[in-house]
Amino acid sequence: MIISTGTASGKSLAYLTPAIASCLDGGTVLYLTPTKALAADQLRGLRELRITQVRAACFDGDTPFEERTWVRQHANYVLTNPDMLHRSILPRHAQWSSFFRRLRLVVVDECHGYRGVFGSHVAQILRRLRRACARYNAHPTFLLASATASEPGAFAMRLTGLEMDEVTVDASPKGSTTIALWEPPLTELRGEGGAPVRRTATAEAADLLADLVLADVRTLAFVRSRRGAETVALSARAKLADVAFSISPPFPTPSSTTSSPATSSAATPSSGPSSPSASPSRPSSGANPLDPITTTTPTNPITTPNPTPQTDPTNPTPQTDPTNPTPQADPTNPTSQADPRTADRPIDPATDKHQQFPLHPSEPPNGPLTAHGPLTWALPDDPSHAAELADLPNKIAAYRAGYLAEDRRLLEKALRAGTIMGLATTNALELGVDVSGLDAVLIAGWPGTRASLWQQAGRAGRDGQDALAVLIARDDPLDTYLVHHPQALFGQPVEAIVLDPGNPYVLGPHLCAAAAEIPLTEDDLPIFGTTTSKVLEDLVAQGLLRKRPAGWFWTRRERATDLADIRGGGGAPIQVVESSTGRLLGSVDEPSAHTTVHTGAIYLHQGETFLVEVLDLEAGVALVSSANPDYTTFARDITDISILSTERSHPLGPGTLHFGEVEVTRQVVSYLMRRLQSGEVLGDEPLELPPRTLRTRAVWWTLPASAVAPLAEAGIDLGGAAHAAEHASIGLLPLFATCDRWDIGGVSTELHADTGLLTVFVYDGHEGGAGFAERGYARATDWLTATREAIMSCECERGCPSCIQSPKCGNGNEPLDKRGAIRLLNTLLTPQ
Ligand SMILES: [Zn+2]
Ligand SMILES: [Zn+2]
């Protein structure tokens, strides 16, 4: 059974109930989650129930050796992750025999994370688990919990290999959420080829976070990296500090002559109905490190008709006091000028609150900011509010992965109590912090899938109240497309979760591991899928398995499980090591290493930022050091592709669409550095890395000469048009297949040697393929139509990173023809 419903809909209760019942009944339960943090939280929750018959324990890399024996022998509720199952539990199944014998229920929590290559590995690990259970005559029920996904039953069946029932109806009480789609403006900065650069999503997120906290709206901002989250928090705090200081001269107003606390607290607000951000003593936005652009007019904010973020009626700090005389606009006071930017904001109530926010200068510049200090905030007679205003910046914090459980509990408490009103975080928060009391969520950059969007947005809305969620677009074709096409988000099913357990590069290592666990027999083959026989033959030919009359055996000395790098993509992984401490941070599979941990790369690990000092391919090591650079890097490669076989084809407009196996030769040639806050291009550094070949699967389309000749005659650069269409289509594929644009690559050419035609390829960046290109083939018309729309809806003239430029283009984004790409896609999408 799979339960696929939204955040906070009660999934945990749905599996806890049968799980505890199984324990009470003398059975055992295996609980699987992608991360240790989540398992630790689950364990805490279980122990709080104080059911003595439930002997729950985590079994992960942190479990002390002496405890492991106890867990194996006595625990009846074991919480672990797929990695431990793969490396430790299954290879030593005999030691777990009493646990397996009584196994009634396997809970696979957060299973939407098992997608792509990682998901394919997990699918094979679950098949190995089923085989081990059968060995001990156990036939446990599999209960999967997932965020909302489209066709969850089909996904669950691919993941477990079992027939699945699905539960998708969410009847939990919820308020309505207003979703705002926010596109940062183009700036004066110029990127590659003179293209305009948009203001960054993090800079916009910082502004919005400060504004919302000022408006007493409890807000969570999701930012991709820890550094980004910290930047957002710091910048928002700086903005609130500006508000606190904006009372200072040199902008005296009639009330500013007062200097004694008593008078000041009784002073009439004078800044009038202006927003705090319009205050003239606020440093010009150019002075703010996050805010290099002085004119910032968000374009096209789209809101649903209910734009009211709720404030907490029980909150002791009302924004306005009905007894307070309504502030009058002072026409001579520059602060009463409407800030065009604030006026344009879609969050009307927040703006309203700003307008009622009575700030006024009343203390000399060096005056103390104490409880009896110079500020009046909402309730002039109550000096405690002055302190509260002075304390405003402290209401914003940043959260990162790796916090201890106690820290997380403290944070939860502070959020619930309102001592923290704004929190900037990476997705780390998804794992292990319970923040239910939020009014608004800011999402800096498309989180990758509609499912994640709804999951993050679902964090807002306490006690069934209404809430606000803002998606802030990054400078990227997919983000651009989405903020201009809300219909792609609303009323759409969330993505299907794509995985391909039959990928021979995934299946092979798991067949070896399975044979090492219990020799494989003919009867086992159906469990592992239709390609099993063929893959077994190859494994025998490679000398990895031995075929004997009784079946297939692992007879080698090394551990079979080492063959599968389940979090990577196969191949000998590159170890990522911190040079100063020798600490192993993780590993990256060899093909990805060229693009993610090349010398000079900025490498993100669990939200932490590292600089790669050197990538030594021969030693298989990337040495990194903790760093805090103000730029990020993008590896650029040049690619050749040849077609090995075509599996499927069908006509598409005047052309043809194909899906099949390809060989890709990729060489990373340089890396681009872009400033974090502004997106400005800082440089393109050459790299010397060997070319790599990759056998994978691709989707490609061709157009005959007769169809493209009229375009060439119209003066279109066909190469530039195909190249632009390729870039944008790579950017848009993640909308149809749950992948990252970094999981896929592309090649375009006016004339490809294998097809003899204008051809655009998009391929899976993982050995053997991961199902993404296959999904692109299945959804080609929608995908390419969206690609065309994305290019058309970008207001730039000749192409920019929001439409046709790609940060990983090995050709320096040359040539690109934006107008030509639209014409070319029009031609391709014209029904014949
Ligand atoms: Zn553009
Ligand atoms: Zn390119």
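Donors are N, O and S atoms within 2.8 Å of the metal, and water is not among the atoms, so sites may look incomplete. The model shown in the views below is predicted.

**View 1. Four cysteines hold the zinc ion (ligand 1).** The protein donors are the SG atoms of Cys 794, Cys 796, Cys 800 and Cys 803, at 2.2 to 2.4 Å from the metal. The angles among the 4 donor atoms run from 98 to 118 degrees, and the site is tetrahedral. Along the chain, the donor residues of ligand 1 follow the spacing C-x1-C-x3-C-x2-C. Cys 800 is buried, with a relative accessibility of 0%. Cys 803 is likewise buried, at 0%.

**View 2. Two histidines and one cysteine bind the zinc ion (ligand 2).** NE2 of His 723, NE2 of His 727 and SG of Cys 809 are the protein donors, and they lie 2.0 to 2.3 Å from the ion. Their spacing in sequence is H-x3-H-x81-C. His 727 belongs to helix α22 (residues 718–732), whereas Cys 809 sits in the loop between α24 (780–793) and α25 (818–828), so this pair ties together parts that are 82 residues apart in sequence. The relative accessible area of His 727 is 4%, and the residue counts as buried because the limit for that class is under 20%. Cys 809 is buried too, with a relative accessibility of 5%.

**View 3. Ser 802 contacts Asp 475 from the loop between α24 and α25.** The side chains of Ser 802 and Asp 475 make a polar contact at 2.4 Å. Ser 802 is buried, its relative accessible area being 0%. Leaving out residues up to four places away in sequence, Ser 802 touches Arg 198, Asp 475, Asp 476, Pro 477, Thr 480 and Cys 794. Among these contacts, Cys 794 is also a donor to the zinc ion (ligand 1).

**View 4. Helix α16 is capped by Asp 476 at its N-terminal end.** A side-chain oxygen of Asp 476 lies 2.9 Å from the backbone nitrogen of Leu 478. The helix covers residues 477–484, and 7 of its 8 residues are buried, so α16 is largely enclosed by the rest of the structure. The buried residues are Pro 477, Leu 478, Asp 479, Thr 480, Tyr 481, Leu 482 and Val 483. Pro 477 and Thr 480 of this helix are among the residues that Ser 802 touches.

**View 5. Strand β19 pairs with β20 and with β23.** β19 (residues 574–578) is mostly covered, with 4 of its 5 residues buried. Its pairing with β20 (residues 584–588) is antiparallel and has 4 bridges. Within that pairing, Val 576 has Gly 586 of β20 as its bridge partner. The hairpin of β19 and β20 has 5 residues between the strands, and Gly 582 there takes a positive phi near 75 degrees. With β23 (residues 621–626), β19 pairs in the parallel sense, over 4 bridges. Here the bridge partner of Gln 575 is Val 621 of β23.

**View 6. Helix α4 is mostly covered.** Of the 8 residues in α4 (residues 82–89), 6 are buried. These are Pro 82, Met 84, Leu 85, His 86, Ser 88 and Ile 89. The elements covering them include the strands β2 (28–32) and β4 (77–80). Also included are the helices α3 (65–74), α5 (97–101), α6 (116–135) and α17 (504–517).

Conventions: Residues numbered from 1 in each chain as written. Chains lettered and ligands numbered in written order. Predicted model: local features only at pLDDT ≥ 70, side-chain atom pairs only at ≥ 80, totals over all residues. Heavy atoms only, no water. Donors = N, O, S within 2.8 Å, 3.2 Å for Na, K, Ca; no water. Helix = DSSP H or I, 4+ residues; strand = E, 2+ residues; numbered from the N terminus. Buried < 20%, exposed > 50% of the residue type's maximum accessible area, 1.4 Å probe, protein only. Tetrahedral: all angles 85-135°; square planar, octahedral: opposite > 155°, others 65-115°. Polar contact = N/O pair within 3.5 Å; in protein donor to acceptor, adjacent residues only side chain to side chain. Contact = heavy atoms within 4.5 Å. Pairing = 2+ DSSP bridges.
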